[in-house]
Each structure stands twice: as C-alpha cells, then as structure tokens.
Amino acid sequence: MSNKTTAFPKGFLWGGATAANQLEGAYLSDGKGLSVADAMPGGKQRFQVLGSDTFNWEIDEDKYIYPNHRGIDHYHRYKEDIALFAKMGFKCYRFSIAWARIFPKGDESTPNEAGLKFYDQVIEECLKHGIEPVVTISHYEMPLHLAKEYGGWKNRKLIDFFETYATVVLNRYGKKVKYWMTFNEINSAFHFPALSQGMVKATGAGDYQNVFQAWHNQFVASAKAVKIGHEINPDMQIGCMIIYATTYSIDANPVNQMATLAQNQEFNFYCTDAQVRGEYPAYQQRMFEKYGVSALEMGADDLELMKKYTVDYIGFSYYMSSAVNETAEEEDTVIGNLLGGVRNPFLEASEWGWQIDPEGLRIALNELYDRYQKPLFIVENGLGAIDKVDENFYVEDDYRIDYLRRHIEAMSNAIKDGVDLMGYTPWGCIDLVSASTGEMSKRYGFIYVDLDDNGEGTLNRYEKKSFNWYKKVIETNGQDLN
C-alpha cells in the first residue's frame, strides 16, 4: 500500500478516454460521411501540411496515409474493448460521437439511423458492465462537408446544424447518459483552428477575426445544447472541455509576469469564462486590439443564451505545463499539446518533448476551482511513449505507471486543498491513433493494440503492466498507487 493517504470521494469517476475519429475506423461504414479527421494526413508532417497556405481539405490517398480511416477498428470490436475496460473496473468511459455518423454531411435534416444504432449499442454495452458513459458531442471530427462548403465554424449557419445534431443525440441518449461535453479542447483553436473549428488558412484560419467569430458561434451552440439537454433530463450534466496548461513566468521580472498573466487569460481562461460565467471577460477588448479583431457578428439573443445556459462542470485535458520568457532574445523552446513555451529547467520531458509536471496539475485544479467554483473533471491526462513488446506482446510500462501515479497524487492533494473533483479519465486508455501526428507508435493506453504506423498488424489487444496497476488504483479508490 502507498504510505500516502488519498482523499478521493466515494463515487469518484475513475475511467478512461478516447475519441471516435482516433479509434473507430470504419470511416465510410453504414452511411457515415467523411470528417475533417479523415482528411488529415498521417505522420509527423500532419500539422505542417494542415497549416500550409495551400491545403484545402482535399484527400490525396496516393500521397498520404490516412490512419483515422482505420483507427483500431473499435467500430467492430467495441464489445471486446469495453469488456477490457470493465475488467479494469472502470466507473465511467469517455468517448465521442462521430457527427458524420449521425449527419454524414452535417447539414441534413434527417439523421442516419445506422449511426444512431451504433451508439445505442456502445452505450448499452457500457451500462451492461456498470460503466457510466461520458459523451463528447464534438471531438475534432466535424463533417468534412461543413469545413469545405461552409468554411467551418466561422459560418453562423453551423450553429443551426449543430443544434439539429445535438437535439438528435441528446434526445436519443439523454435518459441513459448523464454526463456530456460539448466541444473538445475548444481553446485549441487559438493555436490550431483546423481541429476544433474546421478552418485552415485557405478558409480563413490565419485571421483571428475568423477564429474569435468561430468561438462565438461555438459558445452559442454550446449554450443551446445545455438548454436542450436540461429540458430533456434536468439531472443531465453538460460540461465544457478545454486544454489547460499551467503557465509559469520564467522569473520574477514584471515583464514576464505580465506576459504570463496574458497567456493565462488568452489560452486557459477566455473560452472557459464564456462558457462557465456566461459572459465575455473584461480583458476581451485588450485581446481584440492585440489580435486585430473588430466587433463580432451576433444574433439578438446570443448573449442572453450564453448567460442563461452555462455549463454544469469543467472538463479539461492536462498533459504538461508551459513557461513564458518575454525578455530573452534567444531561449530553448519546447513543443507540447498544441502549444509550447520555453524550456523549464526544473522539469523532465517525454519522448515527444512535452514537459512533465505533476505538481502543475495540482496548481491547475486550484486555479480553475478558485476562479469558477464549478466541479472539475480531468478527462485527459497521460504519457505518450514508444512501447516495446516482448514475444508475448507484453509491455513493461513502468514509465507510464510512474507518470500516472504522480499525477494521481497531485489530484489527491488538490482534493485536500478543497477542490471539487468529479473524476479522472486518462487519455487513450487503449492505444489509438495520435491526433497530432496520426501515428500509432505514440502510445498512451493500458491496452496494447498490434498495429504500426504503416497500418500493419493483427489489431489484437494485449494488457500492459499498467492495466493491472490501474485496476488496483480503481479497486482501492486511489489508495494503492504502488
């Protein structure tokens, strides 16, 4: 047993997290349409291609590998996968609905029944095993047609399309699914609008006017989803979802302190302020001046909707922290989960250069709870690494266990600090396709999937060492972390 007592409450939601576009595969099966994820090339050049001036959501099968097409074939193996989650003792499972499975083009009025039936089956399978579904309505997988024909979320028409989609899924599953989130990592568009807003440079991603307009449209759409959900089931809990990167000034220089404050406001808080407080923050005007943004296009009741229908909790991903240094002419920089920063000399980094900072998670939890006084839910956290298998496909992933243990200890300390923490769903509880590179070799899971970056492998599932470790963590409600 760990010699440290933990503070996790009874009913704490231990589980794991995935996204439809990264594991389902079956990209055109049973009437599904193409999503933006299906047009994203695989490999380390993914963001470089998506960020180019010429990319316009065209699929070139001869030039690029599209790993999202196949995923890990969860579409046909969901029963096997959910049984493995149940074996670990999951209390909840966070997954997303593929918008293009329900509305193949995104602008239809009638949904695809085959797509709806698939998620009926997934939800029933979870409930059969006593696993609470936690559903993300839109997770980096908007229909490709909406990105190509309408220019993504900068177009106000998407509010109506999303409302139609949300109405269908919330009505269909709202009596069985209590926990929902509207948009995955909505603030990621600050650095990369392609994923969550469906915009590339050819369709306006290089202009912050479009990014902020797209956010406004998403905030209104999110508020409408909250309204719909609460009318269907008053007990339904609908959250927002952001990336959170605890941000430090590199030193006590007031210039760096001010730059850190600004980065926190712009990246960590802007989207959350709008969805949790229901109104735009006072610093918005400074941001607009900084980024050349003029007045946003708004409907007459937009601000009233945002204020009245705020989210019930804050879901967030935490992988790393960030450091700011405005005063140095040259400084070592690091990469990270859509944002980097300068190298923090007090931290180690993962194989992908993400700086590992468990204590930063405790800080993040305190910062968010102090600011909003809303329940928090860590819906992504984990270590992407190259796993080596033995002849029996067993992975000794002590590095992953160590990463997760230290972050769970930080969570326990934050609860002791007074933070209201609902649950924890580590990212990629089963190996899946990386969102940032399209690789399989960047693995997060407790379950190894026999598939490589070239799409070769049996797709068989194997339990890693971390599988049984996490099982014991759940069994003991976070008491046994050894």
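Helices (H or I, at least four residues) and strands (E, at least two) are DSSP runs here, numbered from the N terminus. Keep in mind that this is a predicted model, where local features need pLDDT of at least 70, side-chain atom pairs count only at pLDDT 80 or more, and totals for chains, interfaces and linings use all residues. Residues are numbered from 1 along each chain as its sequence is written, and side-chain values use heavy atoms, with hydrogens and water left out.

**Stop 1: a loop residue**

Select N344, in the loop between β10 and β11 (348-349). N344 counts as buried at 9% relative accessibility (buried means under 20% relative accessible area, exposed over 50%, partly exposed in between, with a 1.4 Å probe and protein chains only). Now add Q355: 11 residues separate the pair in sequence, and their C-alpha atoms are 7.8 Å apart in space.

**Stop 2: helix α10**

Next, colour residues 254-277, which make up helix α10. Its 24 residues put the end C-alpha atoms only 29 Å apart, whereas a straight helix would reach 34 Å at 1.5 Å a residue (the expected span is 1.5 Å times one less than the number of residues). Where is the kink in α10 centred? Go to F269, where the angle is about 60° (the bend at a residue is the angle between axes fitted to the seven residues ending there and the seven starting there).

Switch on a surface and α10 is largely enclosed by the rest of the structure, because 17 of its 24 residues are buried. One residue to pick out in α10 is N268, which is buried with a relative accessible area of 0%. Show its side chain: a polar atom there lies 2.9 Å from the backbone oxygen of A245. That is a polar contact (a pair of N or O atoms within 3.5 Å; within protein, one must be able to donate a hydrogen and the other to accept it, and residues adjacent in sequence count only if both atoms are side-chain atoms).

Now check both ends of the helix. At the start of α10, N253 has a side-chain oxygen that comes within 2.9 Å of the backbone nitrogen of V255. After α10 comes G278, with a positive phi near 80°.

**Stop 3: the pocket beside α10**

Keep α10 on screen and select A259, Q263, E266, V324 and E326, which lie nearest the centre of the second largest pocket. A pocket, on a 1 Å grid over the protein atoms alone, is an open set with protein on both sides within 12 Å along at least five of seven lines; a cavity is a set of points where a 1.4 Å probe fits but cannot get out; and lining residues have an atom within 4 Å of a point.

This pocket holds about 370 Å³ of space (grid points are joined across faces, edges and corners, and a volume is the space filled by probe spheres set on the points). Of its 20 lining residues, α10 gives the most, with six. At least two residues each come from α10, α11 (284-291), β8 (322-324) and β10 (341-342). By class, the lining has 10 nonpolar, six polar and four charged residues (Ala, Val, Leu, Ile, Met, Phe, Trp, Tyr, Cys and Pro count as nonpolar, Asp, Glu, Lys and Arg as charged, and the others, Gly among them, as polar).

**Stop 4: the cavities**

How many cavities of 30 Å³ or more are there? The count comes to five. For the largest, select residues including Y27, K32, D38, R101 and E141; the space there is about 80 Å³. Its lining has five charged, four polar and three nonpolar residues.

For the second largest cavity, with a volume of about 60 Å³, select lining residues including Y319, W352, W354, Y403 and K442. Here the lining divides into seven nonpolar, three polar and one charged.

**Stop 5: helix α3 and its flanks**

Start at D73, in the loop between α2 (46-50) and α3. D73 has a phi near 60°, positive in a residue other than glycine, and counts as buried at 17% relative accessibility.

Then select helix α3, residues 74-88, whose end C-alpha atoms are only 18 Å apart, short of the 21 Å of a straight helix. The bend is about 35°, at E80. Among the buried residues of α3 are Y75, Y78, I82 and F85. Just after α3, G89 takes a positive phi of about 95°.

**Last stop: Q373**

Finally, jump to the loop between α13 (358-372) and β13 (376-380) for Q373. Its phi is positive, about 55°, although Q373 is not a glycine. Is Q373 buried or exposed? Q373 is exposed, with a relative accessible area of 51%.
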